[in-house]
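Please set the model beside its sequence and follow the description below from one element to the next.

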Amino acid sequence: MSTQQTDAAPSGSWGDWAEDRALRGIIRTALALPYQRRVALLGWLMRKVIAPRVGYRKRALDHLAYIWPDMPEAERNRIADGVCDNFGRVFIENYSVGDLLKRAETTTLSGPGLEAIAEARAENRPVLFVTGHFGNFEAPRAALVRQGYQIGGLYRPIANPYFNEHYAQNMHDLSGPVFEQGRRGTMGLVKHLKQGGMAVLLFDIYDSGGVPIDFMGKPAPTLTSAAEIARKTGALLVPFFGVRQPDGLTFSAEFDAPLTHDDPVEQTRAMTAALEQRIHRHPEQWFWVHRRWKPRRQRKRAAATTSP
């Protein structure tokens, strides 16, 4: 099985190519180090060097102020530093496929969803896992792969085509098949699930065509695709989360009970609430660098639809 890509070489700008080469260099250098050192290094590098220079840290601070305007500045700074550190760690962890799978032996698995997915596998029933950009979202997948599960996924391609080529292949190397978001990829995912497969979908992404569902107290346009796909294929819809532990290297994988197949909007609200619970417990583990709300764009779209 392979990722949903063409055989043609990626085509992008010179800037895309140069950016990809720089990132490949960082990845190669880090992978030459022992696992613990490489993960700590990338966390430090993102926190101290990359995030402040490319605007990630400021974006995280702005989003924290948007959601929690009364939070003391020192606390926002602490969380933003933790967000950037986690971002860097996740980046290199997910490029360390062999080590990620090996260390998955130490991952603690818990939650009512575990029994449900074991029964689904025995019955050859499909399972669609839903999660957000929290902790390391690949850690639960790796833990299940270590137990013999094969879990594919649907991913949103990276804008840089050169980087996206190895980014997608890397996800497939963990456990395929991996489908690129879009009509063709969605059809591939649906077919995979109808054959009794399992897959992961990250849902906490802004989409102008989505339903305005409150996230952390503010409206955030969200696609209901996961719930719709689960209903169409008869798949169990199971939220799961990889929570980073205090040592910065290990994880606990939490599997919630399957969501019922009712209204897709209500299902999406339920999975959003599950993610919010984890963010309130560990705010530094969610990717606050994402443009999740885009309030100005929402206001412009609302004004455009109401103007005569």
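In this predicted model, a convenient place to begin is helix α10, residues 225–233, which lies across three strands, namely β2 (127–131), β5 (198–202) and β8 (236–244). The helix runs at about 170° to β2.

The three strands that α10 lies across lead to the sheet itself, which is open, has seven strands and shows mixed pairing. Read across the sheet, the order is β1-β9-β8-β2-β5-β3-β4, and the edge strands, each of which pairs on one side only, are β1 (108–110) and β4 (178–180). From one strand to the next the twist averages 25°. As a general point, strands of a sheet pair through backbone hydrogen bonds, and they do so in either a parallel or an antiparallel sense. At the β4 edge, strand β3, residues 151–155, pairs with β4 in the parallel sense over three bridges, and Y155 stands opposite E180 in β4.

Two loops deserve a look for their backbone geometry. Most residues other than glycine have a negative phi. Against that background, N124 has a positive phi, near 60°, and this residue is found in the loop that lies between α6 (113–122) and β2. The second case is M216, whose phi is likewise positive, near 55°, and whose place is in the loop between β6 (211–215) and β7 (218–222).

Turning from the sheet to the N-terminal helices, one can ask at what angle helix α1 and helix α2 pack. Helix α1, residues 14–31, and helix α2, residues 35–54, pack at an angle of about 145°, and their axes are 9 Å apart. The crossing of α1 and α2 is right-handed. From α1 the residues I26, A30 and L31 take part in the contact, and they meet R38, L42 and L45 in α2. Sorted by class, this contact of α1 with α2 has five nonpolar residues, no polar residues and one charged residue; R38 in α2 is the charged one.

The interior is the last subject: how many cavities of 30 Å³ or more does a search of the whole structure find? The search finds two, and the largest cavity has a volume of about 60 Å³. Its lining is made by Y35, L100, R103, A104, T107, A139, A142, L249, T250 and F251, and the elements that give two or more residues to this lining are α5 (97–103) and α7 (139–146). By class, the lining of the largest cavity divides into seven nonpolar residues, two polar residues and one charged residue.

The second largest cavity holds about 30 Å³ of space, and it is lined by N94, V97, L100, E138, N170, M171 and L174. Here α5 and α8 (161–174) each supply at least two residues of the lining, and α8 gives the most, with three residues. The lining residues of this second cavity divide into four nonpolar, two polar and one charged. Read together, the two linings have L100 in common, since this residue is listed for the largest cavity and again for the second largest.

Notes. Residues numbered from 1 in each chain as written. Predicted model: local features only at pLDDT ≥ 70, side-chain atom pairs only at ≥ 80, totals over all residues. Heavy atoms only, no water. Axes fitted to C-alpha atoms, helices over the stretch in contact; angles between N-to-C directions. Helix = DSSP H or I, 4+ residues; strand = E, 2+ residues; numbered from the N terminus. Left-handed = near helix turned anticlockwise from the far one by under 90°. Contact = heavy atoms within 4.5 Å. 1 Å grid on protein atoms, 1.4 Å probe; cavity = no way out; pocket = protein on both sides within 12 Å on 5 of 7 lines; lining within 4 Å. Points joined across faces, edges and corners; volume = space filled by probe spheres on them. Pairing = 2+ DSSP bridges.
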